[in-house]
Amino acid sequence: MAALALLALAGCGDSEDAPSANVASPASVPTATPSVVASRVPERLTVTTNEPFYSVAIDRDVLTLTGVDMPRRTLRVVNRHVAVEARAWEARDDRGTIGVRVVRAPCEDDMSGAPRDFTATLTIDGRATVRGCGFVGTPAPPPGEASPVAATIPARFIGRWNRDAAACATPAASIEGVRVTPSELWFHESVGVVKRVEPIGPDQIRVTAAYEGEGERWTATQTLRVEGDRLVIVTDGRPFSRIRCPQ
């Protein structure tokens with residue numbers, strides 16, 4: 001019940017900035033809610049936060065949590081609260097508990113300024129609550145952009161990336177290099193043709209690509225983040241980084 005108490009924080013504010021009047025006591029949060037409540041918040045949606053970046057896919061009784069530099073987690077819902085303008089979920093796995101609260105209220109993505117339909121808060125394993133936004137399907141684009149989804153990787157991600165300067169100098173001798181073009185991701189023995197690019201920050205994108213290599217074909221969604229002269233790629237919660245090689 002402690003996690004659901006934290007979920008009662010209103011709006012998009014971080015927990016440490018929210019006034020104590022916005023925090024519901026455990027007794028004020030019901031352990032069960034009649035299913036007859038018609039909520040304007042759906043049972044299936046996605047919540048994302050920017051600092052730090054987390055994504056929670058909510059599908060009725062299952063929450064899937066991903067984030068930069070963390071393994072993917074699938075949690076079962078153990079408690080919920082449903083209201084006309086809000087929903088809250090408490091879910092657990094063998095690592096701990098997360099709580100999500102979503103309100104039917106406009107929200108603006110911190111990084112891109114893109115509008116979202118829902119305001120959200122996320123609490124992971126009892127740590128400080130972080131604010132975020134929620135959306136169903138493909139989110140609305142940032143102001144001035146026709147769509148947040150494209151099929152071309154932005155220029156700041158383009159180039160050759162490798163383990164270190166020595167590997168950059170002798171790329172033929174290295175199997176750890178990555179080459180990024182506007183439409184492809186090249187690894188040692190596989191190449192991915194870009195199908196979808198979604199910006200999730202000024203220096204971070206989510207890329208879905210159709211891969212082929214070593215006689216196999218598969219589709220993967222990866223997060224790419226540029227930090228100065230370093231590229232961080234996260235696949236299924238597992239990150240690795242490479243430095244930018246001279247052109």
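Reader: If two strands pair when DSSP finds at least two bridges between them, which strand pairs with β11, and in what sense?

Author: The partner of β11 is strand β18 (residues 238–244), and the two pair in the antiparallel sense over two bridges. Strands here are DSSP runs of E, at least two residues long, while helices are runs of H or I of at least four, and both are numbered from the N terminus. This is a predicted model, in which local features need pLDDT of at least 70, side-chain atom pairs count only at pLDDT 80 or more, and totals for chains, interfaces and linings use all residues. Residues are numbered from 1 along each chain as its sequence is written, and side-chain values use heavy atoms, with hydrogens and water left out.

Reader: Which residue stands opposite W161, so that I can find the spot?

Author: Look for R244 in β18, which is the residue that stands opposite W161.

Reader: And how many bridges join β17 to β18?

Author: Strand β17 (residues 230–235) is joined to β18 by six bridges, and these two strands also run antiparallel. Along this pairing, R230 stands opposite I243 in β18. The hairpin of β17 and β18 has two residues between the strands, and D236 takes a positive phi near 50° in it.

Reader: What do the strands close into?

Author: Eight strands close into a barrel, with β11, β12, β13, β14, β15, β16, β17 and β18 following one another in that order and with antiparallel pairing. One of the pairings is that of β15 with strand β16 (residues 216–227), which are antiparallel and share 10 bridges. If you want a marker in that part, Y211 stands opposite W218 in β16.

Reader: You mentioned a positive phi; which residues other than glycine have one near 55°?

Author: R60 has a phi near 55°, and D125 has a positive phi of about 55°. For comparison, most residues other than glycine have a negative phi. R60 is found in the loop between β2 (54–59) and β3 (62–67), whereas D125 is in the loop between β9 (118–124) and β10.

Reader: Is R60 buried or exposed?

Author: R60 is partly exposed, because its relative accessible area is 38%, where buried means under 20%, exposed over 50% and partly exposed in between (1.4 Å probe, protein chains only). D125 counts as partly exposed too, at 30% relative accessibility.

Reader: Changing topic, how many salt bridges are there in the whole structure?

Author: A search of the whole structure finds 15 of them, each being a side-chain nitrogen of Lys or Arg within 4 Å of a carboxyl oxygen of Asp or Glu. One of them joins E85 to R40, with the closest N and O atoms 3.2 Å apart. This pair links distant parts of the chain, 45 residues apart, since E85 lies in the loop between β4 (70–83) and β5 (86–93) and R40 in the loop between α1 (2–7) and β1 (44–49). Both partners count as partly exposed, E85 at 32% relative accessibility and R40 at 45%.

Reader: Where do the side chains of R156 and D203 meet along the chain?

Author: Their salt bridge spans 3.6 Å from N to O. It links R156, in the loop between β10 (130–135) and β11 (159–162), with D203, in the loop between β14 (191–201) and β15 (204–213), and these distant parts are 47 residues apart. R156 is partly exposed at 37% relative accessible area, and D203 is partly exposed at 35%.

Reader: What about R206 and E198, buried or exposed?

Author: Both R206 and E198 are buried, and their side chains meet in a salt bridge of 3.1 Å, N to O. Elsewhere, R163, D164, E176 and R242 are linked in a network of salt bridges.

Reader: Last topic: how many residues does the largest nonpolar core have?

Author: The largest nonpolar core has 21 residues, and I58, L63, L65, W89, V100, V102 and L122 have the most contacts inside it. At least two residues each come from β1, β2, β3, β4, β5, β6 (96–103) and β9, and β9 supplies the largest share, four residues. Apart from it lies another core, of 18 residues, among them F187, V194, I205 and I233. By definition, such a core is a set of buried Ala, Val, Leu, Ile, Met, Phe, Trp, Tyr and Cys residues joined through side-chain atoms within 4.5 Å.

Conventions:
Pairing = 2+ DSSP bridges.
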